[in-house]
Structure formats: structure tokens, C-alpha cells
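Subject: Structure for you to look over

Dear colleague,

I am passing on the structure we spoke about, with the sequence alongside. Please open it first, and then read the notes that follow.

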Amino acid sequence: MQLLQKLVSFTTCAYLVILILLPFVNSTQEQLKTTGTRANNEKIMDKLSPKLLFEITLHGFLLWASMGFLMPVGILAIRMSHREACGRRLKILFYVHSISQMLSVLLSTAGAVMSIKNFNNSFDNHHQRIGVGLYGIVWLQALTGLLRPRRGSKGRSLWFFVHWITGTAVSLLGIISIYTGLQAYHQKTSRSIHLWTIVFTTEVSFIIFFYLFQDKWVYIQKQGVILGDEPVRPTHQVISPCEKKKESATESC
């Protein structure tokens, strides 16, 4: 079981690293576009009304707040709670996880409703196709959270696996959706997304580092401790001549 968990964690990290590197490839491809393509984008920009441009921007902000902020906060909170046995801090972390996940579902639902109502959903790009699957898995993951069985019950293990796998899928699809959304925004408005891509990639990198750091923090703290709170003593000590005389005297006795 531990081997399976390590394999899944390694695969998840590999996917996240690939996702981090993809935007820079896309940014390089954007710089190689011809002037004719830029001219066409400027014509498309002229056709966009200020209202539609605002709705597109608001849709992107809702998706980032849901998948790029609240969802990771909830995941990190429940990750940190694994080190807590009981008490007030455990309850606080659990409530942070629950509230952030519920707000994430509400904001993603608002973004989906806005997309269906105001945008041309021809599903001819990756962002729209990924969005359909993402919204479905978001609600499935939320329902599994609401139907959480008691700890120690027969269905607890199966529930935990389903809730964990759907949460992982939501996180990966959410990151992909944000990156593809930035590409769709660039194609729709011809505005540069290079800065936003760097900012979001930095955020994702920090979240991954902090997530993986949780496993090593307790181990790092224990490096200077042996059996309880006894500090580690250096193995190589310089013994003075006086101390040698004392040791020889005690040995002769």
C-alpha cells in the first residue's frame, strides 16, 4: 500500500512538473506568430464589446479563485491536519478545508453558469471541453465530501479513496483549465498573457513545494533529537589532557 501511495505521488508530481513547463512552450510559440495573425486578432478585439470583455475577465477570475486558490488552500489544510492527533487546531484545519472547498464549488458553479449564459459554447477548444469534465468532477467530489461516513465504519476506506482520487483529478484539471483559459483569453482578446502565466506558474510551484514539504517537516524536526527531547551529542570530541588523567584514574579504580 505504501508503494502504491509513493507511485501515485510520483506520478502526480510528474504531471504537475509537465504542466508547469507547458506554459513556457506555449509562450515561445506565441512569440513566433506572424504579423498577419496579430492583425486578425486586432480585428477580433474590435468586435468584442466592453461588456463581453468584462464577462470573460470575470469568468477567468472566478475560475482562478476557485481552482487556483481556494481548492489548494483546502488541500493544504487537510494535509496539515494529518500531523494533528486531536484538539482545537485539528478542528480549525478541518473547518478551513470544508469552507474553502464549499466556496470553491460555488465559485466554479458561478463561472460555469456565466459561461453557459453569455459565451459561445461551441466546444471547439480544449478549455471548453476540459471545463465540462471539470464541473462534473467538482460536484462529484463535493457530494462525496457531504456523504462522509464515520471513521471506523466499513465504507470509510472506499469513501476515502474515492474522495482522494476525485480531489486529485479536480486539482490537475483545474490547473490545466486555468492554463488553457489563459490561452483562450489570448486568442479572444489578443492581449499578452506572459506575465499571468509566470505568476500562476510561480504559485503552482510554491503550492507543490509546500505540499511535499509536509511529509518531511516532522522528519526534519526529529534530526536533532534522540529518544524524546534529548539533543544529539557530537561523536568526535576533543579531550583535554586533564580529562584523560581523570578517565585513567577512574579506570584504575
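Which residues have the most contacts inside the largest nonpolar core, and how many residues does that core have? Please keep in mind throughout that this is a predicted model. The core has 21 residues, and those with the most contacts inside it are M67, L134, V138, V170, Y179, F200 and V204. Two or more residues of this core come from each of the helices α3 (50–81), α4 (88–118), α5 (126–146), α6 (156–189) and α7 (194–221), and the greatest contribution is that of α6, with 6 residues.

As to the chain in general, its secondary structure comes to 8 helices and 2 strands, and from the N terminus on the elements run α-α-α-α-α-α-α-β-β-α. The chain has 253 residues, of which 30% count as buried.

Helix α6 deserves a few words of its own. It has 34 residues and reaches 48 Å from its first C-alpha to its last, which is close to the 50 Å expected at 1.5 Å a residue. The residue that follows α6 is S190, whose phi is positive, near 60°.

The unreviewed UniProt entry carries the annotation "transmembrane region" for residues 7–25, 61–80, 92–116, 128–147, 159–181 and 193–213. I compared two of these spans with the model. Residues 159–181 are 100% helix and 0% strand, with their end C-alpha atoms 32 Å apart, while residues 193–213 are 95% helix and 0% strand, with their end C-alpha atoms 30 Å apart.

There is also a nonpolar patch at the surface, of about 510 Å², made by F61, W64, F69, V73, I92 and V96. Helices α3 and α4 each supply at least two residues of this patch, and α3 gives the most to it, with 4 residues.

Why does V96 count as partly exposed, rather than buried or exposed? This residue lies in helix α4, and its relative accessible area is 34%. Because buried means under 20% relative accessible area and exposed means over 50%, the 34% of V96 falls in between, and the residue is therefore classed as partly exposed.

With best wishes

How values were computed:
Residues are numbered from 1 along each chain as its sequence is written. This is a predicted model: local features need pLDDT of at least 70, side-chain atom pairs count only at pLDDT 80 or more; totals for chains, interfaces and linings use all residues. Side-chain values use heavy atoms; hydrogens and water are left out. UniProt positions are given in the numbering used here, feature names are shortened, and annotations may be inferred rather than shown by experiment. A nonpolar core is a set of buried Ala, Val, Leu, Ile, Met, Phe, Trp, Tyr and Cys residues joined through side-chain atoms within 4.5 Å. Buried means under 20% relative accessible area, exposed over 50%, partly exposed in between (1.4 Å probe, protein chains only). The expected span of a helix is 1.5 Å times one less than its number of residues. Patches are made of residues with over 30% relative accessible area and no salt bridge: like charges are joined within 9 Å, nonpolar side chains (Val, Leu, Ile, Met, Phe, Trp, Tyr) within 5 Å. Accessible areas come from the Shrake-Rupley method with a 1.4 Å probe; for residues, only the protein chains shown count as cover. A salt bridge is a side-chain nitrogen of Lys or Arg within 4 Å of a carboxyl oxygen of Asp or Glu.
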